Amino acid sequence: MVWCFRREIVLIVCTGISLLFLRMGWWKQAPGAEKKVLLEPRLNYEELIRENRRLRHLLGLQEKRWPCFSFVVVAEVIKVQPAVWPGQIVVNKGKKEGVRENMVVVSSEGVLIGRVIAVEESSATVFTIFHPSTKLSVMVQRTREIGILEGASLPYLLVRYLPKDSKAQSGDKVITSGLSDYYPKGLPVGTIFRIDPEKSQYFYLAWVKPEAGFERLDEVLIGH
Amino acid sequence: MGIRIFTEQFLVVLLAQILLTGVFKVKLAGPVFFFLWILMLGWQGLGVVSILIGFLTGLIYDVLVSGTLGWSSLLFCIVGYLNNYFPADKVMERVLAAVVFGAFYTAALTVDASYGLVWQKGEVFKFSVFFGGVSALLAVIYSLFLRYQLWSRKKY
């Protein structure tokens, strides 16, 4: 009798354990711990050297004077969701380190990643520029035309409401305009890939290739 | 299924997941070989094994991609279970199963319990169908590989 329901029994047990893992949220309790466990026994020197280089680079960035930030924290990315074009990431710095909601997150190259949405004691959730709720004012660096960037149309970003007489063209850099409530002026966002007229014909829209390497996010800077 | 064949398959899938995902990537979206393996096990009539393997490989995959620990294992278990009830004797049926389950898996990956979808609905649909298509293609290739493996051992 029980044998007839073996699949169901195995499914219930496995899903139960999976839900337990989800409920415990191990990545939250021990940020970065899994990385240490993987690295230490193997003495993966190459990985350590690369991490050292990255951290030195970030330390340099943290010590560097950021005209747009008065406060900067270096954080490690401990969760990305989904794995490609992440709409949301979790970092291992939280209230204890001074991270607050609406702080801006940039990559180690100083490129815009997103904005802090929720802060826990030792972790913070970040909505990236790919998230559907992302809308921010950006500027075409060369022509100084303002548009609204939306986190849509993966793997590109969409800049709407560029003026009809826009001189922007593919290859132009897009930066934050400083007109948004949270994002300072001048942060690199991406490069224009294509420009099309909007359906209404009153504006142009631009497809932007993001500058940040979302496929290799290890450490980020959080600032305000 | 012999332990030896099973171990070989695990190593092949693990290596493929680590080394080949980058090769098959199209605009950063790569296939999940663990997922294909679960489907293949189900098609061979190994229902219980596919659920168990789904659980274990899901945990491995979550660690590999820094995902939420437990989310992929939960989805793989469900896919492994549902796959047992999906008719998949012919190649076309298997392709359809890979598309359906691949789309389900991709759509589920973009959901966060606290914030809902982390992509827009249109993008979720587009990439679910895309991932399902890639999964189906690789499932056919993998199916042929398994047939060759069994044939070469004269157990076919």
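Of the 156 residues of chain B, 44% count as buried. The model described here is predicted. Chain B is built from six helices and two strands, and along the sequence these elements follow the pattern α-α-α-α-α-β-β-α. Among contacts in chain B between residues at least 6 apart in sequence, 54% join residues at least 24 apart.

**Helix H5 of chain B**

Helix H5 of chain B covers residues 91-109. With 19 residues at 1.5 Å a residue, H5(B) should span 27 Å, and this agrees with the 27 Å between its end C-alpha atoms. The buried residues of H5(B) are B:Arg94, B:Ala97, B:Ala98, B:Val99, B:Phe101, B:Gly102, B:Ala103, B:Tyr105, B:Thr106 and B:Leu109. An α-helix has 3.6 residues a turn, so residues three or four places apart point the same way.

**The contact between the chains**

Chain A contributes 30 residues to the contact and chain B contributes 31 residues. On the side of chain A that touches chain B, the elements giving two or more residues are helix H1 (6-24), helix H2 (26-29) and strand S1 (72-81) of chain A. Of these, H1(A) gives the most, with 11 residues. The residues on this side of chain A divide into 19 nonpolar, six polar and five charged.

**Two barrels in chain A**

Strand S1 of chain A also belongs to a closed barrel of six strands, which runs S1-S2-S5-S4-S3-S12 with antiparallel pairing. The twist in this barrel averages 40 degrees from one strand to the next. Within the barrel, A:Val104 stands opposite A:Arg115 in S4(A).

Another six strands of chain A close into a barrel in the order S6-S7-S8-S11-S10-S9, again with antiparallel pairing. Neighbouring strands of this sheet are turned by 40 degrees against each other on average, direction ignored. Strand S9 of chain A pairs with S6(A) over three bridges and with S10(A) over three bridges. The table sets out antiparallel strand pairs of chain A.

| Strand | Partner strand | Bridges |
|---|---|---|
| S3(A), residues 104-107 | S4(A), residues 112-119 | three bridges |
| S6(A), residues 135-140 | S9(A), residues 173-176 | three bridges |
| S7(A), residues 146-150 | S8(A), residues 157-163 | three bridges |
| S9(A) | S10(A), residues 188-197 | three bridges |

Individual residue pairs locate these ladders. A:Val138 has A:Thr176 in S9(A) as its bridge partner, while A:Val174 stands opposite A:Gly190 in S10(A). For A:Glu150, the bridge partner in S8(A) is A:Leu158.

**Backbone exceptions in chain A**

Most residues other than glycine have a negative phi, and most peptide bonds are trans. Chain A departs from this pattern at several points. A cis peptide bond joins A:Gln81 and A:Pro82, with omega about -15 degrees. A:Pro82 is placed in the loop between S1 and strand S2 (88-91) of chain A.

A:Arg144, although not a glycine, has a positive phi of about 65 degrees. This residue is in the loop between S6 and S7 of chain A. A:Arg144 counts as exposed because 10 other C-beta atoms lie within 10 Å, and the cut-off for that class is 12 or fewer.

A:Tyr161 likewise has a positive phi of about 65 degrees without being a glycine. In contrast to a loop position, A:Tyr161 lies in strand S8 of chain A. With 14 other C-beta atoms within 10 Å, A:Tyr161 is partly exposed.

Terms used:
Residues are numbered from 1 along each chain as its sequence is written. Chains are lettered from A and ligands numbered from 1 in the order in which they are written. This is a predicted model: local features need pLDDT of at least 70, side-chain atom pairs count only at pLDDT 80 or more; totals for chains, interfaces and linings use all residues. Two strands pair if DSSP finds at least two bridges between them. Helices (H or I, at least four residues) and strands (E, at least two) are DSSP runs, numbered from the N terminus. The expected span of a helix is 1.5 Å times one less than its number of residues. A residue is buried if 20 or more other C-beta atoms lie within 10 Å of its own, exposed if 12 or fewer, and partly exposed in between; C-beta atoms are placed from the backbone. Two residues are in contact if their C-beta atoms, placed from the backbone, lie within 7 Å. Ala, Val, Leu, Ile, Met, Phe, Trp, Tyr, Cys and Pro count as nonpolar, Asp, Glu, Lys and Arg as charged, and the others, Gly among them, as polar. Axes are lines fitted to C-alpha atoms, for helices over the stretch in contact, and angles run from 0 to 180 degrees between N-to-C directions.
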